[in-house]
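Here is a short briefing for anyone about to set up calculations on this protein. Have the viewer open as you read, and let us begin with the aromatic rings.

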Amino acid sequence: MTFAGRWRIARLIAAKDLRIEWRSRVLINQVLPFAGVTMVMFAFALDATNVLERVAPGLVWLATLFSLLLLVQRAFAVENDDGALDALRVAGVDPLAIFWGKSLALAAQLAVLEAVLIVTAVVLYGAVVPLGGVVLLVTTLLAATCGLACVGTLYGGLTAGLSGRETLLPLLILPVVAPVLIGATRAVEAALGTGGVALSEGWPWIGLLAVFAVAFGVGGALAFGPLIEESS
């Protein structure tokens, strides 16, 4: 199959996943409120404005990772309940296109979630987004979102057919995404100027996030087919 053919199928799969999400409203009615409550609980736990402003970048990404688990579990639970993943495989759909499509849909949902969390950090924690840091902030969100979406799709596919996947998924994903938590937090600190961190100090972390995204984008695409075969 050509690249254009795979890309067309991937867009169709992504559109299918996003239509399911739009009709079920799980992101709006469950995941976003969960992320918001998590941010509020962080505010109660660190009840000091100067502390909250300093740690706001890390709290944003912690809330993102917790919410990522919900999104991945939801995405593959729907596939299992409907037998859609098996139907795609039986129909001979290229696993590479399935991986791309599900990663695209997950990335779109994560992008919405991260934008809401950044606004929440500004409102609740007093974080300030300087005009000069907007480009670095947007680049960080894009790079981190791509990496998280690829990891979530890969491990979601791996655990989709396993018993106890609800507890197994966090144990597998959270250690793997530690580099994203560290790199994205440092980059956002530089973008916001948290604690006097210079803007230039954030760009090297973008390199780490880009390498992570490429590694799991390529590795995940190659491994996704065999993994879902083994787990089914």
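Phe 99 is buried in this predicted model, with a relative accessible area of 1%. Its ring partner, Phe 224, is buried too, at a relative accessible area of 0%. From this pair we can move on to the other rings, then to the cavities, and finally to a helix that helps line one of them.

**Aromatic pairs**

- How many aromatic pairs does the structure hold? There are three.
- Trp 7 and Trp 100 make an edge-to-face pair, with 6.4 Å from centre to centre and 65° between the planes.
- Trp 7 belongs to helix α1 and Trp 100 to helix α5, so this pair ties together parts that lie 93 residues apart in sequence.
- Both tryptophans are partly exposed: the relative accessible area is 35% for Trp 7 and 22% for Trp 100.
- Phe 99 and Phe 224 form a tilted pair, with 5.6 Å between centres and 55° between the planes.
- Because Phe 99 sits in helix α5 and Phe 224 in helix α9 (residues 203–231), their pair ties together parts that are 125 residues apart in sequence.

**Charges over rings**

- Arg 25 lies over the face of Trp 22, at 4.1 Å from the ring centre.
- For Lys 102, the ring below is that of Phe 76, and the distance to the ring centre is 5.1 Å.

**The largest cavity**

- Rolling a probe the size of a water molecule over the atoms shows where empty space is left.
- Searching the whole structure turns up two cavities of 30 Å³ or more.
- The largest cavity has a volume of about 190 Å³.
- Its lining has 17 residues, and those closest to the centre are Asp 17, Leu 71, Arg 74, Ala 75 and Gln 109.
- Which elements give two or more residues to this lining? They are α1 (3–24), α3 (49–82) and α5 (95–125).
- Helix α3 gives the most to the lining of the largest cavity, with seven residues.
- Sorted by class, the lining of the largest cavity has eight nonpolar, three polar and six charged residues.

**The second largest cavity**

- The second largest cavity has a volume of about 50 Å³.
- Ala 56, Pro 57, Val 60, Ile 118, Ala 121, Val 122, Ala 127, Val 129, Val 188 and Leu 192 form its lining.
- Helices α3, α5 and α8 each supply at least two residues of this lining.
- Polar or charged, how many residues does the lining of the second largest cavity have? There are no polar and no charged residues, and ten nonpolar ones.

**Helix α8**

- Why should helix α8 (residues 178–192) span 21 Å? The helix has 15 residues, and at 1.5 Å a residue, taken over one less than that number, the expected span is 21 Å.
- The end C-alpha atoms of α8 are 21 Å apart, which agrees with that expectation.
- The buried residues of α8 are Val 180, Gly 183, Ala 184, Thr 185, Ala 187, Val 188, Glu 189, Ala 190, Ala 191 and Leu 192.
- Val 188 and Leu 192 are thus among the buried residues of α8 and also among the residues that line the second largest cavity.
- After α8 comes Gly 193, which has a positive phi, near 70°.

Definitions and conventions:
Residues are numbered from 1 along each chain as its sequence is written. This is a predicted model: local features need pLDDT of at least 70, side-chain atom pairs count only at pLDDT 80 or more; totals for chains, interfaces and linings use all residues. Side-chain values use heavy atoms; hydrogens and water are left out. Helices (H or I, at least four residues) and strands (E, at least two) are DSSP runs, numbered from the N terminus. Buried means under 20% relative accessible area, exposed over 50%, partly exposed in between (1.4 Å probe, protein chains only). On a 1 Å grid over the protein atoms alone, a cavity is a set of points where a 1.4 Å probe fits but cannot get out, and a pocket is an open set with protein on both sides within 12 Å along at least five of seven lines; lining residues have an atom within 4 Å of a point. Grid points are joined across faces, edges and corners, and a volume is the space filled by probe spheres set on the points. Ala, Val, Leu, Ile, Met, Phe, Trp, Tyr, Cys and Pro count as nonpolar, Asp, Glu, Lys and Arg as charged, and the others, Gly among them, as polar. Rings of Phe, Tyr and Trp (its six-membered ring) pair if their centres lie within 6.5 Å; planes under 30 degrees apart count as stacked, over 60 as edge-to-face and the rest as tilted. A charge sits over a ring if NZ of Lys or CZ of Arg is within 6 Å of the ring centre and within 35 degrees of the ring normal.
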